[in-house]
Amino acid sequence: MISASLRPTISHPPLLPRGHGYDVSALVWHPPHGELLRSTDGRELWLRVIEPGDVAALQRAFTRLSPEDIRRRFLHAMSELPPLMAKRLCNIDPVHESAYVLMDESVRPHEIRGVGRIYVDHTSDNAEFSVVVEHDWSRQGLGVLLMQRLVDDCRSRELTEIWGYVLLENRPMLELCRDLGFTQRLVPSEPGVAQLSLRL
Ligand SMILES: CC(C)(COP(=O)(O)OP(=O)(O)OC[C@H]1O[C@@H](n2cnc3c(N)ncnc32)[C@H](O)[C@@H]1OP(=O)(O)O)[C@@H](O)C(=O)NCCC(=O)NCCS
């Protein structure tokens with residue numbers, strides 16, 4: 001299990017106090033590098049904003065995803081992450097996007113274990129989320145941690161809602177979002193897809 005917390009500068013408490021995984025006292029902010037998460041068994045991950053230099057790591061992370069994880073994340077099948085798309089995903093426009101990675105620096109080269117991302121629609125004051133955690137690192141609270149960070153980001157941008165499309169068969173994500181207080185509605189134009197939303 002990994003222990004971590006929300007960053008000390010955040011002015012409101014975590015959405016969900018967790019019974020396992022992350023310990024709110026254990027995430028240490030090391031500007032400008034990021035926040036260090038340390039597990040109870042000694043493993044470490046860095047939570048930080050995605051950077052242009054993360055392209056190769058993002059492409060390697062994609063190759064470790066199962067076809068099911070890819071379909072759940074992108075809502076369609078993809079056999080590879082094209083270099084231009086990887087570059088685009090690592091070069092964010094901070095006015096319209098935020099993206100956070102969980103970086104494993106205990107290995108060479110450093111590897112990305114999870115990514116959380118929002119795209120902001122300033123016209124309607126909301127943001128669409130996406131999140132993915134590498135399978136071998138799942139069920140340790142990392143998905144919740146990334147989602148909490150995205151919610152915090154949306155709040156600091158003074159948005160009114162965070163939402164995302166999730167496949168109805170994606171029980172892990174539906175449960176994760178339900179735990180965080182998201183509401184669910186079906187998307188008539190997209191059978192098999194739910195829109196999950198949280199008013200901020
Ligand atoms: C969904 C996903 C992000 C969850 O990441 P994670 O790090 O395993 O999530 P957490 O450890 O924070 O789990 C949080 C909660 O989610 C639910 N959950 C997670 N994995 C689950 C599983 N395999 N089965 C059932 N519930 C699950 C549980 O409610 C869990 O709380 P609990 O551990 O207290 O029971 C991860 O499985 C993933 O990357 N899936 C593929 C991509 C995807 O589906 N993205 C969402 C659409 S954008």
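## Two notable backbone positions

P109 is placed in the loop between β5 (97-104) and β6. In this predicted model, the peptide bond that joins R108 and P109 is cis, and its omega angle is about -10 degrees.

A second loop position concerns L75, which lies between α2 and α3. The phi angle of L75 is near 65 degrees. This is a positive value in a residue other than glycine.

## The residues around the ligand

The ligand is surrounded by 22 residues. The closest of them are V131, V133, G141, G143 and N170. Sorted by class, the shell around the ligand contains 8 nonpolar, 7 polar and 7 charged residues.

Which parts of the protein are near the ligand can also be described by elements. Those that give two or more residues to the shell around the ligand are α2 (67-74), β7 (126-133), α4 (142-156) and α5 (171-179). The largest share comes from α5, with 6 residues.

## Polar contacts and cover of the ligand

Oxygen atoms of the ligand take part in polar contacts with the protein, and two such contacts involve the backbone. In one, a ligand oxygen is 2.7 Å from a polar backbone atom of V133. In another, a ligand oxygen is 3.2 Å from a polar backbone atom of Q140. With N170 the partner belongs to the side chain: an N or O atom there is 2.7 Å from an oxygen atom of the ligand.

How much of the ligand does the protein cover? On its own, the ligand has 910 Å² of accessible area, and the protein covers 86% of this.

## The largest pocket

The ligand takes up the space of the largest pocket. This pocket holds about 1100 Å³ of space. Its lining consists of 37 residues, and those closest to the pocket centre are V131, N170, P172, M173 and L176. V131 and N170 are also among the residues closest to the ligand.

Several elements give two or more residues to the lining of the largest pocket: α2, α3 (83-90), β7, α4, β8 (161-167) and α5. By class, the lining of the largest pocket comprises 18 nonpolar, 9 polar and 10 charged residues.

## The cavity

How many cavities of 30 Å³ or more does the structure hold? There is 1 such cavity. About 210 Å³ of space lies in the largest cavity. It is lined by 17 residues, of which L58, L65, F74, V115 and V132 are the closest to its centre.

At least two residues of the cavity lining are supplied by each of α1 (55-63), α2, β6 (111-121) and β7. Which of the elements gives the largest share of this lining? That element is β6, with 5 residues. The lining of the largest cavity divides into 11 nonpolar, 2 polar and 4 charged residues.

## Elements that recur

Some elements appear in more than one of these descriptions. α2 and β7 each give two or more residues to the shell around the ligand, to the lining of the largest pocket and, with at least two residues each, to the lining of the largest cavity. α4 and α5 likewise give two or more residues to the ligand shell and to the pocket lining.

Key. Residues numbered from 1 in each chain as written. Predicted model: local features only at pLDDT ≥ 70, side-chain atom pairs only at ≥ 80, totals over all residues. Heavy atoms only, no water. Near = heavy atom within 4 Å. Polar contact = N/O pair within 3.5 Å; in protein donor to acceptor, adjacent residues only side chain to side chain. Areas by Shrake-Rupley, 256 points an atom, 1.4 Å probe, with all protein chains shown as cover. 1 Å grid on protein atoms, 1.4 Å probe; cavity = no way out; pocket = protein on both sides within 12 Å on 5 of 7 lines; lining within 4 Å. Sits in = over half its atoms within 2 Å of the grid points. Helix = DSSP H or I, 4+ residues; strand = E, 2+ residues; numbered from the N terminus. Nonpolar A, V, L, I, M, F, W, Y, C, P; charged D, E, K, R; others polar. Points joined across faces, edges and corners; volume = space filled by probe spheres on them.
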